[in-house]
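These are my notebook entries on a single chain, written down in the order in which I looked things up.

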Amino acid sequence: DRCVFATGLGGLVQSVLYGFGHVDFDDWDNAPESVCLPPGWSKLEITGIRRRGTRWSVGVTPKELRRVPG
């Protein structure tokens with residue numbers, strides 16, 4: 001039998017949000033100088049992020065990071 005650990009899934013979500021998505025609530029205004037995605041990924045879209053009462057969408061491509069309110 002196999003089982004799934006919630007802590008493992010949480011670590012996966014954090015890896016995507018903080019690592020590839022560059023979502024850093026403590027340093028939100030400073031975008032990284034370079035971005036990277038895993039091989040084979042053309043983009044990453046993260047929607048529904050709430051920060052200080054504003055909803056945000058984050059888009060990452062191999063060339064840019066974009067944060068859009070709304």
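Entry 1, the N-terminal end. I am working from a predicted model, and I began with valine 4, which I found in the segment before helix H1 (6-20). I noted valine 4 as exposed, since its relative accessible area is 65% and the cut-off for exposed is over 50%. I then looked at what valine 4 groups with on the surface, and found that Val4, Leu9 and Leu12 make up a nonpolar patch there, their accessible area together being about 310 Å².

Entry 2, aromatic pairs. I counted three aromatic pairs. One of them joins phenylalanine 20 and tryptophan 41, and I recorded it as tilted, with 5.5 Å centre to centre and 55 degrees between the planes. This pair links distant parts of the chain, as phenylalanine 20 is in helix H1 while tryptophan 41 is in the loop between H1 and strand S1 (44-51), 21 residues apart. I looked up the accessibility of each partner: phenylalanine 20 is partly exposed at a relative accessible area of 25%, and tryptophan 41 is partly exposed at 36%.

Next I turned to tryptophan 28 and tryptophan 56, which form an edge-to-face aromatic pair, with 5.2 Å centre to centre and 65 degrees between the planes. Here too the pair links distant parts of the chain, with tryptophan 28 in the loop between H1 and S1 and tryptophan 56 in strand S2 (residues 54-60), 28 residues apart.

Entry 3, around tryptophan 28. Are tryptophan 28 and tryptophan 56 buried or exposed? I found both tryptophan 28 and tryptophan 56 to be buried. I also noted that Phe25 joins Trp28 and Trp56 in one aromatic cluster. Tryptophan 28 has a charged partner as well, for the charged end of arginine 67 sits over the ring of tryptophan 28, at 4.5 Å from the ring centre.

Entry 4, the salt bridge. How many salt bridges does the count come to? I recorded one salt bridge, in which the side chains of arginine 66 and glutamate 45 meet at 2.9 Å, N to O. Arginine 66 lies in strand S3 (residues 65-69) and glutamate 45 in strand S1, so I noted that this pair ties together parts that are 21 residues apart in sequence. As for exposure, arginine 66 is partly exposed, with a relative accessible area of 33%, and glutamate 45 likewise counts as partly exposed, at 39% relative accessibility.

How values were computed:
Residues numbered from 1 in each chain as written. Predicted model: local features only at pLDDT ≥ 70, side-chain atom pairs only at ≥ 80, totals over all residues. Heavy atoms only, no water. Patch = residues over 30% accessible without salt bridge, like charges linked within 9 Å, V, L, I, M, F, W, Y side chains within 5 Å. Areas by Shrake-Rupley, 256 points an atom, 1.4 Å probe, with all protein chains shown as cover. Helix = DSSP H or I, 4+ residues; strand = E, 2+ residues; numbered from the N terminus. Buried < 20%, exposed > 50% of the residue type's maximum accessible area, 1.4 Å probe, protein only. Phe/Tyr/Trp six-rings, centres within 6.5 Å; stacked < 30°, edge-to-face > 60°. Lys NZ or Arg CZ within 6 Å of the ring centre and 35° of its normal.
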